[in-house]
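Open the model in your viewer and keep the selection tool at hand. Each stop below says what to select and what is there.

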Amino acid sequence: MTTTNLPLDFGPLLVAWQRKHGRHELPWQNTQDPYRVWLSEIMLQQTQVTTVLAYYQRFLQRFPTVADLAAASLDEVLAMWQGLGYYSRARNLHRCAVVVAARADGAFPRTAAELAELPGIGRSTAAAIAAFCFGERVAILDGNVKRVLSRLLAFDGDLASSAQEKLLWRHAEALLPTEGITAYTQGLMDLGSSICSTRSPQCLLCPASELCAARAAGEAERYPVRTRKLKRGRRENWWLWLENPAGEVLLQQRPETGVWAGLWTLPLFDDEAALKQATRDLEGEPEVLPRIEHALTHFDWVLHPRRAMLTNGHAAMAEGQWVARERLASYALPAPLKKLLA
């Protein structure tokens with residue numbers, strides 16, 4: 001399909017539908033504050049709206065402005081982010097806030113092109129901020145929107161190919177309505193998050209059902225096309241839960257790159273032999289706790305916790321920070337560790 005024969009009625013139709021039937025009461029809507037819109041867009045990446053709602057309000061209470069966020073430490077930000085996952089978003093959020101706060105006017109740029117130059121803001125997120133806050137006529141193309149437009153156009157290009165993704169971007173730009181960019185952008189998000197779902201799309205409720213080429217062919221679930229599949233790996237590690245007589249737990253901070261970057265965890269060992277070597281001077285064998293199976297984006301992680309209660313002082317062999325149980329909530333802990341310690 002070329003840009004000359006796209007269903008150009010789609011834009012005005014979606015604008016009218018969104019204004020009448022779309023979502024209007026989410027806490028990050030009905031505002032042109034780029035800080036609030038940016039925060040919501042980052043939180044909503046790979047996370048359900050229902051999960052984000054509580055985090056968004058708490059985050060704003062703690063960091064009401066981009067300057068407040070920039071002035072906070074990364075540890076504070078990561079602690080507030082606990083449970084949302086994909087912690088690179090939180091690290092980039094903090095980096096971006098520092099950059100914005102350091103600008104001459106302390107404000108966000110006003111165009112999608114400039115916004116996309118900030119840390120952690122990709123092309124689609126930049127476009128969403130520019131459309132919602134500054135009325136820029138620019139296309140978004142996140143995962144949900146790729147699905148909506150692929151079905152609308154029966155776009156059979158393999159989106160694992162950068163050339164095909166660029167082509168879909170061009171189609172997305174050509175479909176932009178001449179007016180109502182805010183409603184149109186929100187309408188795409190509303191369709192993608194509810195009606196045009198990955199499985200069992202609700203085509204009878206879709207305002208674009210008569211324009212949708214995939215529905216006409218009876219194969220909506222075939223789109224989008226993506227042939228390259230991620231090959232999941234498997235990782236296995238041993239965790240050492242050390243607790244001293246004062247009720248303090250030993251935590252170590254993860255490196256700034258890699259899995260759980262910057263978070264605090266129990267000492268982590270590559271195998272059981274390394275853990276036994278590290279605990280050779282402790283009294284008795286560490287207690288064996290049920291193993292934990294944790295699914296991450298690209299691999300499944302099996303963690304084997306072992307618990308040792310020290311009878312006298314601190315373990316000389318251990319590097320890290322001893323943290324009282326009542327203070328654990330102020331540390332950014334990965335979800336499985338938070339659950340284990342609870």
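Start with α5 (74-81). Its buried residues pack against α2, α3 (49-62), α4 (66-71) and α6. Helices here are DSSP runs of H or I with at least four residues, strands are runs of E with at least two, and both are numbered from the N terminus. Select V77, L78, A79 and W81: these are the buried residues of α5. Buried means under 20% relative accessible area, exposed means over 50%, and partly exposed is in between, with a 1.4 Å probe and protein chains only.

A note on the model before moving on: it is predicted, so local features need pLDDT of at least 70 and side-chain atom pairs need pLDDT 80 or more, while totals for chains, interfaces and linings use all residues. Residues are numbered from 1 along each chain as its sequence is written, and side-chain values use heavy atoms, with hydrogens and water left out.

**Just past α5**

Step to G83. It follows just after α5 and has a positive phi of about 100°. Next, select Y86, in the loop between α5 and α6 (88-102). Y86 is not a glycine, yet its phi is positive, at about 45°. Most residues other than glycine have a negative phi. Y86 counts as partly exposed because its relative accessible area is 36%.

**A second positive phi**

Go to N30, in the loop between α1 and α2. Phi of N30 is near 55°, again a positive value in a residue other than glycine. Is N30 buried or exposed? With a relative accessible area of 67%, N30 is exposed.

**L44 and its contacts**

Select L44, in helix α2. L44 is partly exposed, since its relative accessible area is 23%. Leaving out residues up to four places away in sequence, L44 touches W28, V49, V52 and R89. Contact means heavy atoms within 4.5 Å. Now add L84. It is 40 residues from L44 along the chain, and their C-alpha atoms are separated by 9.6 Å.

**The largest pocket**

Stay with L44 and show the largest pocket, with a volume of about 1000 Å³. Which of its 37 lining residues are closest to the centre? They are R23, L44, D142, N144 and M189. On a 1 Å grid over the protein atoms alone, a pocket is an open set of points with protein on both sides within 12 Å along at least five of seven lines; a cavity is a set where a 1.4 Å probe fits but cannot get out; lining residues have an atom within 4 Å of a point. Points are joined across faces, edges and corners, and a volume is the space filled by probe spheres set on them.

Colour the lining by element. Two or more residues each come from α1 (10-21), α2 (34-44), α8 (123-134), α9 (143-153) and α11 (181-195). The largest share, 6 residues, is from α11. By class, the lining of this pocket has 11 nonpolar, 21 polar and 5 charged residues. Nonpolar covers Ala, Val, Leu, Ile, Met, Phe, Trp, Tyr, Cys and Pro; charged covers Asp, Glu, Lys and Arg; the others, Gly among them, are polar.

**The cavity**

How many cavities of 30 Å³ or more are there? The count is 1. The largest cavity has a volume of about 140 Å³. Select V148, R151, C196, C206 and C212, the closest to its centre of 16 lining residues. Both α9 and α11 give two or more residues to this lining, and α9 gives the largest share, 3 residues. The lining of the largest cavity has 12 nonpolar, 2 polar and 2 charged residues.

**Helix α10**

Select residues 162-174, helix α10. Pick out L168, W169, H171 and A172, its buried residues. They lie on the same side of α10, because they cover an arc of only 160° around the axis. That arc is taken from the directions from the helix axis to the C-beta atoms. The cover over these buried residues includes α8 and α9. On the face turned away, find the exposed residues S162 and K166.

**Last stops**

Select Y223 and P224: a cis peptide bond joins them, with omega about 0°. Most peptide bonds are trans. P224 is in the loop between α12 (213-216) and β1 (233-243).

Finish at G258, in the loop between β2 (248-253) and β3 (264-265). G258 counts as exposed because its relative accessibility is 56%. Add E326: it is 68 residues from G258 in sequence and 28 Å away in space, C-alpha to C-alpha.

Terms used:
The expected span of a helix is 1.5 Å times one less than its number of residues.
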